[in-house]
Amino acid sequence: MIIRPRRLRKNVTIRNMVAETAVNPDALVYPMFVVEGENVKEEIPSMPGQYRFSIDAILVELDECVKLGIKSILLFGIPSFKDEMASSAYDDDGIVQRAVRSIKAHFPELYVITDVCLCEYMSHGHCGIVKEDGDVDNDPTLELLAKTALSHAEAGADMVAPSDMMDGRVAAIREKLDENGFTNLPIMAYSAKFASAYYGPFRDAADSAPHFGDRKSYQMDVRNGREALHEVELDLEEGADIVMVKPGLAFLDVLRETAEMSNVPVAVYNVSGEYSMVKAAAQQGWINEDAIIRENLIAFKRAGADIIITYHAKEALEKGLLK
Ligand code: PBG
Ligand code: ZN
């Protein structure tokens, strides 16, 4: 007697009927980079197909994205001015603040999430204030992060996403938002954010690589799954509305465990290095790009992600890669 589970695989109709996983197109978030200037659409060398846009140019791009069904973006700013207090991060006239105002004016229905971090705005490229000994000074950084989040909220952001990994930042941002009347503005916390080499291309894109040292004192050790879950717990206690695991592919175990323990939705960030590897191999003709993108997105969903932040969002919708 042979046991035959494959009976349900032999025909496409039944295969589709019993498929356990489908990626919800509304659950995709498209990360985008905005720079100063006019009519700028500059391709990021290590991320083919991704660009730095000036505000006028991002509106043109978004028109296309919205038509394809993009419902949400995650916005990163690349300022023209950096200093040791990241002043342009919480400037009402900063690049993200102006971009959000303009985007929301043109696309009120588009859900705009802003990345809240200081590294793009710091002359040294770290995610917080740096002390004389070179260490990041956690507690004073919280005030700057809270101010940054508030200025994004005031500009019209629908959600803020702190990616800095300072202790206590979710609570600090929540308090600041609440004090200023933004009690309904959700926080998506980069909770289990690992000190990963997969962010390399992003740091080229955002010009945010640290000028000395690394981010290992504030981002998670890639060896530690249990500690990552502890970080998730703390963010939940501090009031995170969504928790995130980042990167995705090398951390699917953490994603699965987070999905099991979290009582709020879970996001995964399919980061720059993951994207670049797919693009590079595809350019060489070594992989079937569309099939790989589909498989990766399904993997996130199968592992338990509710929300998938991915540079593939636009092409996935364009080419119908979600089933
Ligand atoms: C800023 C930030 C980073 C990413 C998102 N927000 C880089 C970093 O922490 O060094 C990475 C995103 C990606 O690689 O796509 N802190
Ligand atoms: Zn940062």
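The largest cavity in this predicted model holds about 150 Å³ of space. Of the 19 residues that line the largest cavity, Ser 163, Lys 193, Tyr 199, Phe 202 and Lys 246 are the closest to its centre. By type, the lining is made up of nine nonpolar, four polar and six charged residues. The structure has one cavity of 30 Å³ or more.

What occupies this space? The largest cavity is where ligand 1 sits. Around ligand 1 there are 18 residues, and the closest of these are Lys 193, Arg 203, Lys 246, Ser 272 and Tyr 311. This shell consists of ten nonpolar, three polar and five charged residues. Lys 193 and Lys 246 are named among the residues closest to the cavity centre, and both are also named among the residues closest to ligand 1.

Some side chains make polar contacts with oxygen atoms of ligand 1. The table gives three of them, with the distance from a polar side-chain atom to an oxygen atom of the ligand.

| Residue | Partner | Distance |
|---|---|---|
| Lys 193 | oxygen atom of ligand 1 | 2.6 Å |
| Arg 203 | oxygen atom of ligand 1 | 2.6 Å |
| Ser 272 | oxygen atom of ligand 1 | 2.7 Å |

How much of the surface of ligand 1 does the protein bury? Ligand 1 taken alone exposes 400 Å², and 100% of that area is buried by the protein.

Lys 193 thus appears in each part of this account: it is among the lining residues closest to the cavity centre, it is among the residues closest to ligand 1, and a polar atom of the Lys 193 side chain is 2.6 Å from a ligand oxygen atom.

Terms used: Residues are numbered from 1 along each chain as its sequence is written. Chains are lettered from A and ligands numbered from 1 in the order in which they are written. This is a predicted model: local features need pLDDT of at least 70, side-chain atom pairs count only at pLDDT 80 or more; totals for chains, interfaces and linings use all residues. Side-chain values use heavy atoms; hydrogens and water are left out. A residue is near a molecule or strand if one of its heavy atoms lies within 4 Å of it. A polar contact is a pair of N or O atoms within 3.5 Å; within protein, one must be able to donate a hydrogen and the other to accept it, and residues adjacent in sequence count only if both atoms are side-chain atoms. Accessible areas come from the Shrake-Rupley method with a 1.4 Å probe; for residues, only the protein chains shown count as cover. On a 1 Å grid over the protein atoms alone, a cavity is a set of points where a 1.4 Å probe fits but cannot get out, and a pocket is an open set with protein on both sides within 12 Å along at least five of seven lines; lining residues have an atom within 4 Å of a point. A molecule sits in a cavity or pocket if more than half of its atoms lie within 2 Å of its grid points. Ala, Val, Leu, Ile, Met, Phe, Trp, Tyr, Cys and Pro count as nonpolar, Asp, Glu, Lys and Arg as charged, and the others, Gly among them, as polar. Grid points are joined across faces, edges and corners, and a volume is the space filled by probe spheres set on the points.
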